[in-house]
Amino acid sequence: MSESQELQVQQKREVEKKTEGTAPGRVFVPVTDIFETPEALTVALEMPGVDRNSLEARVEDDVVTIEGRIDFAKYEGMQPIYTEYIVGHYARSFEISNKIDQSKISAQMKDGVVTIVLPKAEQAKPRRIDVS
């Protein structure tokens, strides 16, 4: 590979806090992809090291919030020799419009990836118009 095509390690971005936190540890913005189909938006967030039981997803005031907490006990006694991965909690929020049916939002977690499905409201789905 030429030097311009070499893969670069993507640095984690820390959440910009508007308030002071009382929980120990850093909070990072999970790497996220958003896909759209005629029926829904699908949000995929990477949260490596987060256990399903340490994940919270909620919708409130037209904002979907996802928070994943790391169990730091897993890392006790380890002495890093080389690291590209920073251990920390994750948090991300998305403002959603009235085109999303909030009562049907669902989430699942598998292999460190959280998938949130935001179904479109019926009036927001594309439809064919009959011409007379």
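The side chains of Glu-36 and Lys-120 meet in a salt bridge, with N and O 2.6 Å apart; the term covers a side-chain nitrogen of Lys or Arg within 4 Å of a carboxyl oxygen of Asp or Glu. Glu-36 sits in strand S3 and Lys-120 in the segment after S9, so this pair ties together parts that are 84 residues apart in sequence. The two partners don't share the same cover: Glu-36 is exposed at 57% relative accessible area, while Lys-120, at 13%, is buried. Here buried means under 20% relative accessible area, exposed means over 50%, and partly exposed is what lies in between (1.4 Å probe, protein chains only). As a general point, side chains of opposite charge can pair when their charged atoms come close.

A word on the model itself: it is predicted, so local features need pLDDT of at least 70 and side-chain atom pairs count only at pLDDT 80 or more, while totals for chains, interfaces and linings use all residues. Residues are numbered from 1 along each chain as its sequence is written, and side-chain values use heavy atoms, with hydrogens and water left out.

The count of salt bridges comes to 4. One of them joins Glu-56 to Arg-58, with the closest N and O atoms 3.0 Å apart. Glu-56 is partly exposed at 40%, and Arg-58 is partly exposed too, at 31%. These two also belong to a network of salt bridges that links Glu-56, Arg-58 and Glu-67. Then there is Lys-104, which pairs with Asp-101 at 3.8 Å between the closest N and O atoms. Lys-104 is exposed at 51%, whereas Asp-101 counts as partly exposed at 21%.

Zooming out, the chain has 9 strands and 0 helices; these are DSSP runs numbered from the N terminus, with at least two residues (E) for a strand and at least four (H or I) for a helix. Strands pair if DSSP finds at least two bridges between them. Strand S7 (residues 89-95) pairs with S6 (residues 63-70) in the antiparallel sense over 6 bridges, and Val-64 stands opposite Phe-94 of S7. S7 also runs parallel to S2 (residues 27-29), joined by 2 bridges, with His-89 as the bridge partner of Val-27.

Thr-32, in strand S3 (residues 32-36), has a busy side chain. That side chain reaches the backbone oxygen of Pro-30 at 2.9 Å and makes a polar contact with the side chain of Arg-92, also at 2.9 Å. A polar contact is a pair of N or O atoms within 3.5 Å; within protein, one must be able to donate a hydrogen and the other to accept it, and residues adjacent in sequence count only if both atoms are side-chain atoms. Beyond its neighbours within four places in sequence, Thr-32 has contacts (heavy atoms within 4.5 Å) with Val-43, Ala-44, Leu-45, Arg-92 and Phe-94.

What about the inside? Of the 132 residues, 23% count as buried. The largest nonpolar core has 16 residues, and Met-47, Ile-66, Val-114, Ile-116 and Leu-118 touch the most other members. S4 (40-46), S6, S7 and S9 (113-119) each supply at least two residues of this core. Such a core is a set of buried Ala, Val, Leu, Ile, Met, Phe, Trp, Tyr and Cys residues joined through side-chain atoms within 4.5 Å. Outside its neighbours within four places in sequence, Leu-118 is in contact with residues including Ala-40, Val-64 and Ile-105.
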